[in-house]
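This report concerns the open and enclosed spaces of one protein model and the ligand bound to it. Please examine the sequence and structure below before reading on.

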Amino acid sequence: MQKSRWKIKQLLGDNLPQEATSQPVVVKGWVRTKRGSKNVNFIALNDGSTIYNLQIVADPEQVSEAVLDRIHTGAALSVTGTLVESQGQGQRFELQAETIEVLGEADPETYPLQPKKHSYEFLREKAHLRPRTSTFSAVFRLRHAMTFAIHKYFHDRGFYCLHSPIITGSDAEGAGEMFRVTTLDPKNPPLTEEGEVDFQEDFFGKEANLTVSGQLEAELGALALSDVYTFGPTFRAENSNTSRHLAEFWMIEPEMAFYDLDDNMDLAEDFVKYLVQFALDNYADDLDFLNQRQLDEEKNKKKEERSDMTLLERLQFVVDSEFERITYTEAINILRNSKPNKKKKFQFLIDQWGADLQSEHERFLVEKHFKKPVILYNYPKEIKAFYMRQNEDDKTVAAMDVLFPGIGEIIGGSQREERLSNLQRRMAEMGIPEKEMWWYLETRKFGTVPHSGFGIGFERLMMFVTGMQNIRDVIPFPRTPKNAEF
Ligand code: 4AD
Ligand code: MG
């Protein structure tokens, strides 16, 4: 708490307290722009509390030229002054400076964020400074907003946040795309008699890796606390350099005892709608800014590449629409008979039941066919993880994926296999040793119940909420193949 310092958001918000106009106030922040003449200077100051800048009016009679000469874009200032009604357009108030202290200068020759449009690619290389741009400050405020809303949603519904481990010895998804955690010397590891690396000598006495999912531990929690969720970083060493994949991303994984697949789908749909509505209700300034920014970008695009909805329309649309729920089998039939499949426009053609769906197929279903969010369920067991509940048909499992416009898969989940013998059979078929999963299997031996859960990729959600097209632009410091700067 700082007594006399005000955040710009407080000064430009709707409920301006009387103390802010009856006495001098102090604001601190970074200069976005400075313009003016011999008679008067205007400085746009931003402290990150809001998308809006506070206009500082600096009169050379109050603020010396020596001080004004040190003020450039990027400099940090502490300004004391009087809040007055603004004469010009834009904000209702501006600050008539009495004193300005330059806390930190920024050399105009070398400061990278000069006031002009920078490309997202350029700003990724300046990830240490990009939160100082309007776009990224809006994105990161919204990231905070969604974090808060997620905890609020679950807290209000009696879910408990469970911290699952980051370092694990198991591969929850069975995909084998894990980062190893070790303290062994890579040049000279201890070897077994057979000449293999001897992980018994390693820090944990066994092979360990960064987690790909907190689900298995969340299940243990759900089978005691009923409704839990994890919210933590997850790591995948998949070498896919796409605009939707990160090597380090955050995932929210609710897990609910006594839920079947329908309950799971209901929760997933309600949850994302709540989050989007929360952003619309509480972060309108940032969303308006991003909406306008994207409208401006669209103007440079060809007509056929423009999206048919604005960001705000897309958000409202998701809140208002009932997600389409169809089985994998129905989806395959639609895709097989679709135009892009018949005209061989898909990169991966759909010719038979059992094919794994690629993002081109998911996006066709969402963007072209149903034109709304789609939940696909009952997938072939061959393309899904070992823990999913086997259906009566012996071919499919009670899986569900939520597909979103512009994103593709945003949520993956399932009802879990709670029957011990079925689980053991599936693990054997898939070559997963029971020995390593003894603790997981014990929950099926002692008081097992039907239960379900899902995982939502936090950055995929952020892409949807902010309309940003590249997942690298919704996390402060992205980790992707060949990139771990900052
Ligand atoms: O579908 P996934 O792999 O499911 C799981 O990990 C389950 N254990 C979840 C559960 O049932 N508790 O991943 C879940 C979500 C995906 O739908 C996607 O949104 C996101 O995580 N995701 C990624 N996000 C960014 N970069 C990546 N490399 C991602 N891989 C998955
Ligand atoms: Mg998935």
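In this predicted model, the lining of the largest pocket is made up of 18 nonpolar, twelve polar and 15 charged residues. The pocket itself has a volume of about 1300 Å³. Its lining comprises 45 residues, and Glu173, Arg236, Glu238, His245 and Glu409 are the closest to its centre. Two or more lining residues come from each of β11, α12 (359-369), β15, β16 and α15 (458-466). Among the elements, β15 provides the largest share of this lining, namely five residues.

Ligand 1 sits in the largest pocket. A total of 24 residues surround ligand 1, and those that come nearest are Glu173, Gln215, Arg236, Glu253 and Glu409. Divided by class, this shell holds eight nonpolar, eight polar and eight charged residues. Three strands, β11 (248-257), β15 (408-415) and β16 (451-457), each contribute at least two residues to the shell. The largest share again belongs to β15, which gives five residues to the shell around ligand 1.

Which atoms of the protein lie close to polar atoms of the ligand? For Glu238, an N or O atom of the side chain is 2.9 Å from a nitrogen atom of ligand 1. For Arg416, a side-chain N or O atom lies 2.9 Å from an oxygen atom of ligand 1. The backbone also takes part: an N or O atom in the backbone of Phe454 is found 3.4 Å from a nitrogen atom of ligand 1. On its own, ligand 1 has 630 Å² of accessible area, and the protein covers 93% of this area.

The second largest pocket has a volume of about 980 Å³. Of the 32 residues that line it, Ser307, Asp308, Arg314, Arg363 and Gly406 lie nearest its centre. At least two lining residues are supplied by each of α8 (284-299), α9 (311-320), α12 and α15. The helix α8 gives the most to this lining, with five residues. By class, the lining has ten nonpolar, eight polar and 14 charged residues.

A further kind of space is the enclosed cavity. A search of the whole structure finds one cavity of 30 Å³ or more. The largest cavity contains about 30 Å³ of space. Its lining is formed by Tyr120, Gln294, Glu297, Gly467, Met468 and Gln469. These residues divide into two nonpolar, three polar and one charged.

The table sets out the volumes and lining classes of these spaces.

| Space | Volume | Nonpolar lining residues | Polar lining residues | Charged lining residues |
|---|---|---|---|---|
| Largest pocket | about 1300 Å³ | 18 residues | twelve residues | 15 residues |
| Second largest pocket | about 980 Å³ | ten residues | eight residues | 14 residues |
| Largest cavity | about 30 Å³ | two residues | three residues | one residue |

In summary, ligand 1 sits in the largest pocket, where the protein covers 93% of the accessible area that the ligand has on its own. Strand β15 gives the largest share both of the lining of that pocket and of the shell around ligand 1.

Technical notes: Residues numbered from 1 in each chain as written. Chains lettered and ligands numbered in written order. Predicted model: local features only at pLDDT ≥ 70, side-chain atom pairs only at ≥ 80, totals over all residues. Heavy atoms only, no water. Near = heavy atom within 4 Å. Polar contact = N/O pair within 3.5 Å; in protein donor to acceptor, adjacent residues only side chain to side chain. Areas by Shrake-Rupley, 256 points an atom, 1.4 Å probe, with all protein chains shown as cover. 1 Å grid on protein atoms, 1.4 Å probe; cavity = no way out; pocket = protein on both sides within 12 Å on 5 of 7 lines; lining within 4 Å. Sits in = over half its atoms within 2 Å of the grid points. Helix = DSSP H or I, 4+ residues; strand = E, 2+ residues; numbered from the N terminus. Nonpolar A, V, L, I, M, F, W, Y, C, P; charged D, E, K, R; others polar. Points joined across faces, edges and corners; volume = space filled by probe spheres on them.
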